[in-house]
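Please work through the exercises below with the sequence and the model at hand. Each task is followed by a stepwise solution.

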Amino acid sequence: MEGKQQQQPPQREPGPGELKVPGAAGGEPCSEGKDAGADAPGRPLGPTPSQSRFQVDLVAEAPRKANGEVDAAGKGSEEAKGRFRVNFVDPSAGDESPSEPGAGGSSEGANVSFQNGGDTVLSEGSLHSGGHHHYYYDTHTNTYYLRTFGHNTMDAVPRIDHYRHTAADLGEKLIRPSLAELHDELDKEPFEDGYANGEEGTPAGDAAATYTPDSKGIVKFGWIKGVLVRCMLNIWGVMLFIRLSWIVGQAGIGLSVVVIAMATVVTTITGLSTSAIATNGFVRGGGAYYLISRSLGPEFGGAIGLIFAFANAVAVAMYVVGFAETVVELLKENGTLMIDEMNDIRIIGAITVVILLGISVAGMEWEAKAQIVLLVILILAIGDFVIGTFIPLDSKKAKGFFGYKAEIFMENFGPDFRNEETFFSVFAIFFPAATGILAGANISGDLADPQSAIPKGTLLAILITTLVYMGIAVSVGSCVVRDATGNINNTIITELTNCTTAACKLNYDFSSCQKECHYGLMNNFQVMSMVSGFAPLISAGIFSATLSSALASLVSAPKIFQALCKDNIYPGFQMFAKGYGKNNEPLRGYLLTFLIALGFILIAELNVIAPIISNFFLASYALINFSVFHASLAKSPGWRPAFKYYNMWISLVGAILCCIVMFVINWWAALLTYVIVLGLYIYVTYKKPDVNWGSSTQALTYLNALQHSIRLSGVEDHVKNFRPQCLIMTGAPNARPALLHLVHAFTKNVGLMICGHVHMGPRRQAMKELSTDLAKYQRWLIKNKMKAFYAPVHAEDLRDGGQYLMQAAGLGRMRPNTLVVGFKKNWRQSDMRDVETYINLFHDAFDIQYGVVVIRLKEGLDISHLQGQELLSSQEKSPCSKDVIVKVDYSKKSETDTSVAFVPSSSERTPALHKEEDEDGKTPTQPLLKKDSKSPSSPLNLADQRLLDASSQFQKKQGKSNIDVWWLFDDGGLTLLIPYLITTKKKWKECKIRVFIGGKINRIDHDRRAMATLLSKFRIDFSDIMVLGDINTKPKKENIAAFEEMIEPFRLHEDDKEQELADKMKEDEPWRITDNELELYKTKTYRQIRLNELLKEHSSTANVIVMSLPVARKGAVSSALYMAWLEALSKDLPPILLVRGNHQSVLTFYS
């Protein structure tokens, strides 16, 4: 008993929100049975039963599997005793809701259900209802051990299912509880539909089990059958039997070994790189394409995938023609040619490729069996040759074969290049024999464990094949002389004293070979057949080598092509992504590969094609090596290969060697390969496939940006390098396109542009919107080619939000220095507290040493109400039926035109926002935001139509017109710099700058000359300078009257009220205009009205007006008066920018 007690963990009283279950802490049965749910001690008083809740099932003692679901604690694990499983329960089922059969709970155990006063509630954001049936909450399968934590918690223990991508081959995807579920208050948010997963009454465990794919009948290979055998067969080609002896003859034994070693260095480095990439995460089908695309991104991956698949398809033709040539040689020897040599090759090649296609289509299992048979034949052929070298027959001596002799070894050790051959030409002929190392990696999808199989199989295959190549090169060089007549009568009877050749020393005189011989290493390609013990076995070896390589290529090409098509990088090839049967065989790809191979077999001109194929393979090797270097250079935390024997610099050397070897083999084929890869790279970059694989290119981009930002922050600002870095208060960026495009005209490729968006309203709602909006609008900006960032914040009001953004937006030296806002067009109809907030933004900006730009279009800027209307019709058809029902008051919305979106609460959000959010949540690889439908549901009124036209006016080419700069006050030069920057852009380059300045009537010429001198020193082109001598003239009476009428509702009229009442009113409504203030600033008021008259007179035809912004003294000028000044100054004009720099120089004439 003592022992039993010791096993039990210490019991503790439940804390608030926890549930004490009798008998649960030990392993003893629960005594209270089903009543536990009703009367559980310490049960919290939670919300009403209508809200969501979850149920805890005590699982039976014996570890058991529920409905094919793998036991959460692992097979046969002792830990299954006395544990909890949490199930979310349908609240409509009442208080007592025993677990449904198959939900993973045991029916004998006590069913304890409690409402959610416990640890959690699910938030909307983590519900994946509607189409997301392959994500499951961990709560129904995961085990929570009482002995570990002492109480039930919703926190999930670490397990692999949380890290899966989808419910793919490996098992179900589980979702760990989100932070919101563990952290948010409980009583805020019921489920949308009462089900945790949107599973309509189906226990989630059953649902998960149905998505586990049927694993019976799927063929997966181990490292020997899948990788080693394939690589060895692919590397040992026809070269081994037909060309190796000739290479030894030309280069000698020494240099032949060097040639083989050089080829091996390249392939070994590539093998190490392949192993590193293959062990850095789960490898799917697609071989070299998959490795390169997931490492370097879709641009390189897409380019290599296409040419690598094509190279494999053509390689089938190359190997089959090699086979057919050997067969035709045999037919010729026996005098049984069918038509003539060329056509016989075509006929035999076509028949062979059809048979190979049949083997491939029959399935991978058959293909693997065929490969093993071929490997056995190949090894027998090599053994046959080795045995043959030890049995020198007299009949073979005349043909140059004497057995192992030191004299022959010495003579053949050095090179003897003939017929213009060189070391590199011999290397180029041999190198294709070393390729084929990716044969195993190319069927990565069919390997049981590609992470261990690819490194082991590939590297061992390289080692074995290299040793065999070197062994055969040395042995054939030690047995056979370079030249032999084949004539038995050439034996030397009398002893010669001045022998120089090895043959002479061995009593054979082959001196007549100076002219022409048909035997020996140099002249006879069939030396290995001649040496071997049983010649037909060598022919069988040649057949085996060619057919196995052809078969491997015939399988590789469709698999790579299928993986490429599945990623939809080239949309035209989408039809080839479809797989058939349990192994997902790419039958369409097989057919395409067959047709390409057949086409090249019928051409039968392989001397031209062979170097191109070698170069295609080498290009992919180079990129695999470069991938490893690049990933290591990017220092991404995700680059953690399990295979440790690689080095980034060796991989770089490998990549460079591959590129050099390409030129050594064939310079024009290398250039052609580069051109094709570059062309495909440019095409894919241009098409921008919407995929995100976390490539090292992304990681390196981040690293470069980080390093440059840090380096930049160590550099002091200099006036020559000043750039307008703008914080634009756009609200949702797509709500005010005109504002965005105009600012983009002077910040694109020049300065920083941040779109600020202040979310107001309930904090919890706003926080959820912040995260969805951030991804959505940043993508919207990229899609619309805006070089800008989106920065949302949550704040109590607009002023706080503006302050947060101005203080915290940006990074290091890349911080905004200019605040850009749209003009608040409807200020007279708005709540004056909003106007006060708006004007305070300017004061805050000046306090933080920002420049300020106010942009006004007479039609207005905000088009968000139009976007909502356009999307109403499509909203009805959209599948998101669970959206909050929306009520939009357009009449009110259309008036609101401040530069900052007052974000409505969730019940008022426009359908546009809802629809975009819903679509955005679907999948990370879906296309960017949908374009707004062109035909609105109801015709727009004239004002709205004008607004829509005005909103796109800065996207068009501006033509020959003027940008009028009214540089009345010196603010450091920002008023002049902005129009100059605008004219440097393509759409604006035909516009001319006209400069207007204030001056005295008697000094107009002098002022003009002074300004012209200043502008020429600043190197700013202008078409005209106008000096306005009549700025201080009193404005027209009707304009003054109109101004007074405009400000009348906002005046305090303190002279007509009692002092105390007036003071209280001013305190409650600080924006009101006092009589004193109006009198004090009368001159300034008249100036604004007069300037508007002058603007209408001189600049009514300008494309854009840039003018100095009047500054109001903080605390002295009321918001209403300042707003009235801006209104009076800028009304009824072309687009106008009111600009005020921070009074520090932004222009200089010093070099």
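The exercises concern a predicted model and treat its nonpolar cores and an open sheet.

**Exercise 1.** Identify the residues with the most contacts inside the largest nonpolar core, and the helix that gives the most to it.

*Solution.*
Step 1. The largest nonpolar core comprises 144 residues, and those with the most contacts inside it are Trp 236, Phe 241, Phe 430 and Tyr 469.
Step 2. Helix H10 (residues 298–333) gives the most to this core, with 19 residues.
Step 3. Apart from this core lies another, of 64 residues, which includes Ala 809, Ile 1047, Leu 1091 and Leu 1095.
Step 4. Leaving aside residues up to four places away in sequence, the contacts of Trp 236 include Leu 375, Ile 464, Val 468, Tyr 469 and Ala 545.

**Exercise 2.** Determine the strand order of the open sheet and explain why one side of each edge strand lacks a neighbour.

*Solution.*
Step 1. The 10 strands follow the order S9-S8-S7-S10-S11-S16-S15-S12-S13-S14, with mixed pairing.
Step 2. Strands S9 (789–794) and S14 (1024–1028) stand at the edges; each has a single partner strand, so one side of each has no neighbour in the sheet.
Step 3. On average, neighbouring strands are turned by 20° against each other, direction ignored.

**Exercise 3.** Describe how S12 pairs with S15 and which strands helix H38 lies across.

*Solution.*
Step 1. Strands S12 (residues 962–966) and S15 (residues 1104–1108) run parallel and are joined by 4 bridges.
Step 2. Trp 966 stands opposite Met 1107 in S15.
Step 3. Helix H38 (residues 1082–1098) lies across S12, S13, S14, S15 and S16, at about 155° to S12.

Terms used. Residues are numbered from 1 along each chain as its sequence is written. This is a predicted model: local features need pLDDT of at least 70, side-chain atom pairs count only at pLDDT 80 or more; totals for chains, interfaces and linings use all residues. Side-chain values use heavy atoms; hydrogens and water are left out. A nonpolar core is a set of buried Ala, Val, Leu, Ile, Met, Phe, Trp, Tyr and Cys residues joined through side-chain atoms within 4.5 Å. Buried means under 20% relative accessible area, exposed over 50%, partly exposed in between (1.4 Å probe, protein chains only). Helices (H or I, at least four residues) and strands (E, at least two) are DSSP runs, numbered from the N terminus. Contact means heavy atoms within 4.5 Å. Two strands pair if DSSP finds at least two bridges between them. Axes are lines fitted to C-alpha atoms, for helices over the stretch in contact, and angles run from 0 to 180 degrees between N-to-C directions.
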